[in-house]
Structures are given as structure tokens and as C-alpha cells.
Amino acid sequence: MAVRVQPRQLAFALPHAESLTRDNFLEGPANEAALSLIESWPDWPNRIMLLVGPEGAGKSHLAAIWAEQAGARVTSAHALDPAAVPGALATGALVVEDLRPGDFDERAMFHLLNLAREDGAFVLITGRVPPVAFEVELRDLRSRLRAAPVVSLSPPDDLLFRGLIVKFCADRQLSIDETVVSYLATRIERSYAAARQAVDLLDAEALRLGRPVTRALAAELLRNA
């Protein structure tokens with residue numbers, strides 16, 4: 001007997017807007033110190049500050065809030081080039097995103113920190129780990145980076161974790177109820193990245209099947225993951 005196979009519907013991932021405003025930032029004990037730093041500007045303990053935390057912890061969101069209020073330009077550590085440093089500091093404030101071990105030009109970073117100090121500019125550097133945790137070849141740069149105060153974001157507590165699931169769904173315009181939030185919150189790793197990934201997968205699966213996001217769909221997805 002022939003078996004009829006249903007064609008698999010393709011789901012197209014459409015871009016979704018994630019709000020990076022202050023009103024849309026979820027507060028909790030995990031990010032209290034980092035949010036306090038952003039809101040205390042310009043009364044910082046140092047004009048060069050490091051914001052460190054795990055993937056998805058809200059570093060870019062906080063950096064965007066600060067960039068808006070400080071008139072800061074934004075660049076990535078990877079893209080930083082010595083010749084572009086003066087222009088990057090033109091407004092007197094700069095966000096340097098995603099500082100990673102071995103993935104930035106040390107000469108450019110050293111030039112940036114020196115020029116920022118000479119000009120009295122503010123620099124906010126984000127990364128997953130503090131500079132003390134990785135090797136920097138230029139000795140003077142190593143000492144400059146390690147001298148900059150570090151403010152850390154911690155893994156989310158239960159309340160913040162549930163709020164993140166709701167926020168990520170809202171960013172994708174997904175309608176969910178408390179049963180879905182509770183199911184996910186107790187069955188996936190309690191991390192920012194895991195919450196985002198779970199919502200992304202739910203969105204894609206709901207779109208592919210033409211079904212609403214329900215506890216049953218979440219259960220199927222996690223069971224097959």
C-alpha cells in the first residue's frame with residue numbers, strides 16, 4: 001500500500017524588530033549593577049568602563065540605551081581600525097561592542113584608549129569575559145584594559161527568566177499564555193541564550209505548521225530537540 005507523504009511546509013524567517021529602548025529593558029538582580037552604571041552617566045568612576053556578561057544578557061541593549069543618552073557612536077571591537085579611531089571618538093562617547101580574545105586589533109584599541117584619555121571621552125566596552133581572563137600581547141594595552149572598572153551581568157533569576165521569554169515572544173509578535181512560559185522556564189537551561197533560542201524555534205515551528213504557540217507545541221518541540 002502506498003504511503004502518502006505530506007509535503008513539508010517551508011517557513012521563511014522574517015526579520016523582527018527588537019526594541020532596545022529603556023522602557024523595554026527588563027530589570028532584575030542579575031543586571032541591577034549594569035543598569036545603575038548606565039543611568040549614573042556621566043558620573044562614572046572611570047571614563048572607560050567594561051560591561052561584561054554572557055551571551056544575550058542585555059549588553060547591547062544597555063549599550064544602545066547609553067549611546068542614545070550620551071550621543072555615542074557604536075562600533076565593534078573586531079572592526080576597530082587605527083585610522084578610524086579619531087572619527088569614532090568624534091562625539092566624545094563611543095561604544096565598542098563584543099571584545100573577544102584574539103579578535104581585535106591591539107594597536108587600534110591602544111590608540112583608542114590613549115586618545116580617549118587625552119580628549120576626556122567616554123568609552124563603554126562590552127564583552128563576554130573581562131580582559132583579565134585572556135591574553136593581550138601589548139603590555140601597555142593589557143594594563144590599560146585591566147585597570148578599567150568591570151561591571152558584570154549575572155545569569156537571570158526565575159522572575160527575570162520568565163520575563164525574557166515573554167519579551168522575546170513579544171518582539172516576534174507571538175501570542176502566548178502562562179502555561180507556555182511556565183513549561184519553557186522549567187525545562188530549558190536558565191540562560192539568556194537558551195530563552196532566545198527556544199522562542200526562535202517555537203516561532204519557526206508555529207509558522208511552518210500554521211499553528212498557534214501552545215504548551216503542546218512547546219512540548220513537541222523540546223521532545224524532538
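Start at Leu62. Select it and show what surrounds it: setting aside neighbours within four places in sequence, Leu62 is in contact with Phe25, Ala34, Leu35, Ile38, Leu51 and Leu153. Keep in mind that this is a predicted model.

**The cores**

Widen the selection. Leu62 is one of the residues with the most contacts inside the largest nonpolar core, which has 47 residues. Add Trp66, Leu124, Ile165 and Leu202, which belong to that group too. Apart from this core lies another, of 25 residues. To find it, select Leu80, Ala88, Leu99 and Leu112, which are among its members. In soluble globular proteins, nonpolar side chains tend to be buried together.

**The whole protein**

Now zoom out and colour by secondary structure. The protein has nine helices and five strands. Trace the chain from its start: the pattern reads α-β-α-β-α-β-α-β-α-β-α-α-α-α. Turn the C-alpha trace onto its principal axes, and the spans are about 80 × 35 × 30 Å.

Switch on a surface. The protein exposes about 12,400 Å², and carbon and sulfur atoms supply 53% of that area. Of the 225 residues, 42% are buried. Colour the charges next. There are 24 positive and 29 negative side chains, and the centres of the two sets lie 6 Å apart. Contacts reach across the sequence: among those between residues at least 6 apart, 71% join residues at least 24 apart.

**Strand β4**

Hide the surface and select residues 122-127, strand β4. Which way do its side chains point? Phe122, Leu124 and Thr126 point one way from β4, while Val123, Ile125 and Gly127 point the other way. In a regular strand the side chains alternate between the two faces of the sheet. Both sets in β4 are buried. With six of its six residues buried, β4 is largely enclosed by the rest of the structure. Leu124, met earlier among the residues with the most contacts in the largest core, is part of this strand.

**Partners of β4**

Add residues 48-52, strand β1. Five bridges join β1 to β4, and the two run parallel. Look for Leu50, which stands opposite Ile125 in β4.

Then add β3, residues 93-99. β3 and β4 also pair in the parallel sense, over five bridges. Pick out Ala93: its bridge partner in β4 is Phe122. Move on to Val96, which stands opposite Ile125. Ile125 therefore faces two residues you can label together, Leu50 and Val96.**On to β3 and β2**

Stay on β3. Is this strand enclosed or open? Six of its seven residues are buried, so β3 is largely enclosed by the rest of the structure. Bring in strand β2, residues 73-76. Four bridges join β2 to β3, and these strands run parallel. Label Arg73, which stands opposite Leu94 in β3.

**Last stop: Val181**

Go to helix α7, residues 178-185, and select Val181. Is Val181 buried or exposed? At 3% relative accessibility, Val181 counts as buried. Show its contacts: not counting residues up to four places away in sequence, Val181 touches Arg162, Ile165, Val166 and Ile176. Ile165 is also one of the residues with the most contacts inside the largest nonpolar core.

Finish with a distance. Draw a line from Val181 to Pro131, 50 residues apart along the chain. Their C-alpha atoms are separated by 36 Å.

How values were computed:
Residues are numbered from 1 along each chain as its sequence is written. This is a predicted model: local features need pLDDT of at least 70, side-chain atom pairs count only at pLDDT 80 or more; totals for chains, interfaces and linings use all residues. Side-chain values use heavy atoms; hydrogens and water are left out. Buried means under 20% relative accessible area, exposed over 50%, partly exposed in between (1.4 Å probe, protein chains only). Contact means heavy atoms within 4.5 Å. Accessible areas come from the Shrake-Rupley method with a 1.4 Å probe; for residues, only the protein chains shown count as cover. Lys and Arg count as positive and Asp and Glu as negative; His and the chain ends are not counted. The place of a charge is taken as NZ of Lys, CZ of Arg, CG of Asp or CD of Glu. A nonpolar core is a set of buried Ala, Val, Leu, Ile, Met, Phe, Trp, Tyr and Cys residues joined through side-chain atoms within 4.5 Å. Two strands pair if DSSP finds at least two bridges between them.
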